[in-house]
Amino acid sequence: MSVRSGAIALVLALCAVSVHSQVWGYVSQSFSLVRSDILEAANYELVANISNRDAGENYEERLYPANKWACTARTVPKTESSPTRSMFVDLFRYFAGDNSAKKEIDLTVPVNTFVQQRDNDVTYYETCLVLPAKLQADAPKPNNPSVFLDDKPEMVVLTRRVSGYFITDTAWEEEAISLKKVLKEKVPEADYQSYYRNGYDAPMRIFNRRNEVWFRKTGEAAQKTIDEYKKRQAEKVAATPVVAEEEKKPVADEKKPVADEKKPVADEKKTTEKKTEEKKKVEEPKKTEEPKKDAAQNRE
């Protein structure tokens with residue numbers, strides 16, 4: 001009986017592996033990458049780097065361009081712990097192939113979670129992963145209805161890098177409070193009612209981890225930074241076609257001699273045809289004279 005039970009358990013295990021082999025294989029492969037700098041990261045422009053140890057100031061101002069992110073969101077009572085682990089699993093499955101194209105997508109960093117306290121003592125969580133650059137224009141749709149693709153606009157954030165193993169809500173909240181104290185007097189125009197948690201490392205990495213809390217900068221200064229960025233991008237796009245046309249011109253010029261070389265071939269054909277016609281004219285009188293000679297000989 002125990003043998004039969006063991007056989008049944010083995011069959012069920014093999015079935016589970018066959019169904020989830022793609023997911024678990026991808027988990028194993030991805031979690032082996034314990035260095036965050038190996039994975040593609042959300043790109044940004046560094047606007048300012050403020051470092052004043054004597055005053056206890058050490059933070060960065062960054063501009064993140066508009067990008068498409070894969071996200072999932074949940075609202076839970078304030079007394080409950082964050083559901084970010086299960087939310088990440090949903091996103092992970094999408095990247096592992098649970099999408100319309102059944103395509104594995106390379107993981108990116110950071111794991112970005114927006115946290116906002118709302119009315120009725122509830123907390124809103126939105127966990128996102130930026131899509132790789134090669135899939136920004138054409139990303140497969142998620143099969144899971146709780147996962148969605150979100151085109152996020154440009155954003156200016158205030159942040160700093162901290163180490164440590166941030167596995168609890170308390171660790172993130174303490175860092176958010178600490179950073180807020182540093183920023184609030186220096187940068188009053190920012191959203192300090194909500195914040196973003198950002199983790200860059202796989203769980204297997206114990207030391208030299210990278211964690212960041214983001215506060216979104218608001219107001220005219222932030223909008224000016226965004227407008228200047230958009231202007232630079234528009235100038236780059238406008239300059240790109242001009243470079244492409246200049247590169248194409250030499251290619252067109254190179255093709256012209258090839259066309260000119262074909263002309264002598266056509267001229268040779270014409271001269272050959274003329275010679276053939278002249279030969280025919282010479283041969284035709286000879287042929288008419290020969291029958292006349294044969295007729296005269298017969299008469300004699």
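This passage walks through the cores, cross-links, backbone features and charged pairs of the structure shown above. The structure is a predicted model, in which local features need pLDDT of at least 70 and side-chain atom pairs count only at pLDDT 80 or more, while totals for chains, interfaces and linings use all residues. Residues are numbered from 1 along each chain as its sequence is written, and side-chain values use heavy atoms, with hydrogens and water left out.

A good place to begin is the interior. The largest nonpolar core (a set of buried Ala, Val, Leu, Ile, Met, Phe, Trp, Tyr and Cys residues joined through side-chain atoms within 4.5 Å) has 20 residues. Here, buried means under 20% relative accessible area, exposed means over 50%, and partly exposed lies in between, with a 1.4 Å probe and protein chains only. The residues with the most contacts inside this core are Tyr59, Leu158, Leu183, Tyr192, Tyr195, Val213 and Phe215. Two or more residues come from each of α3 (169-186), β11 (190-199) and β12 (211-217), and α3 gives the most, with 6 residues. These element names refer to DSSP runs numbered from the N terminus: helices are H or I with at least four residues, and strands are E with at least two. Leaving aside residues up to four places away in sequence, Val213 touches Leu158, Thr159, Arg160, Trp172, Glu175, Ala176, Leu179, Tyr195 and Tyr196, where a contact means heavy atoms within 4.5 Å. A second, separate core of 15 residues includes Leu39, Val130, Met155 and Trp214.

The cross-links come next. A search of the whole structure finds 1 disulfide, defined as a pair of cysteine sulfur atoms within 2.5 Å. The partners are Cys71 and Cys128, with sulfur atoms 2.2 Å apart, and the link is right-handed, with 115° about the S-S bond. Because Cys71 belongs to strand β4 (residues 67-77) and Cys128 to strand β7 (residues 122-130), the pair ties together parts that are 57 residues apart in sequence. Cys71 is buried at 0% relative accessibility, and Cys128 is buried at 1%.

The backbone has some details to look for as well. Val109 and Pro110 are joined by a cis peptide bond, with omega about 0°; Pro110 is in the loop between β5 (108-109) and β6 (111-118). Lys102, in the loop between α2 (84-96) and β5, has a positive phi near 50° and is exposed at 69% relative accessibility. Asp121, in the loop between β6 and β7, has a positive phi near 55° and is exposed, with a relative accessible area of 58%.

Charged pairs complete the picture. The whole structure holds 16 salt bridges, each a side-chain nitrogen of Lys or Arg within 4 Å of a carboxyl oxygen of Asp or Glu. One of them joins Lys186 and Glu57 at 3.0 Å, N to O. This pair links distant parts of the chain, with Lys186 in helix α3 and Glu57 in strand β3 (residues 57-64), 129 residues apart. Lys186 is partly exposed at 48% relative accessibility, whereas Glu57 is buried at 12%. Another salt bridge brings together Glu60 and Arg62 at 2.8 Å, N to O; Glu60 is buried at 16% relative accessibility, and Arg62 is buried at 0%. Glu60 and Arg62 also belong to a network of salt bridges with Arg161, Arg210 and Glu212.
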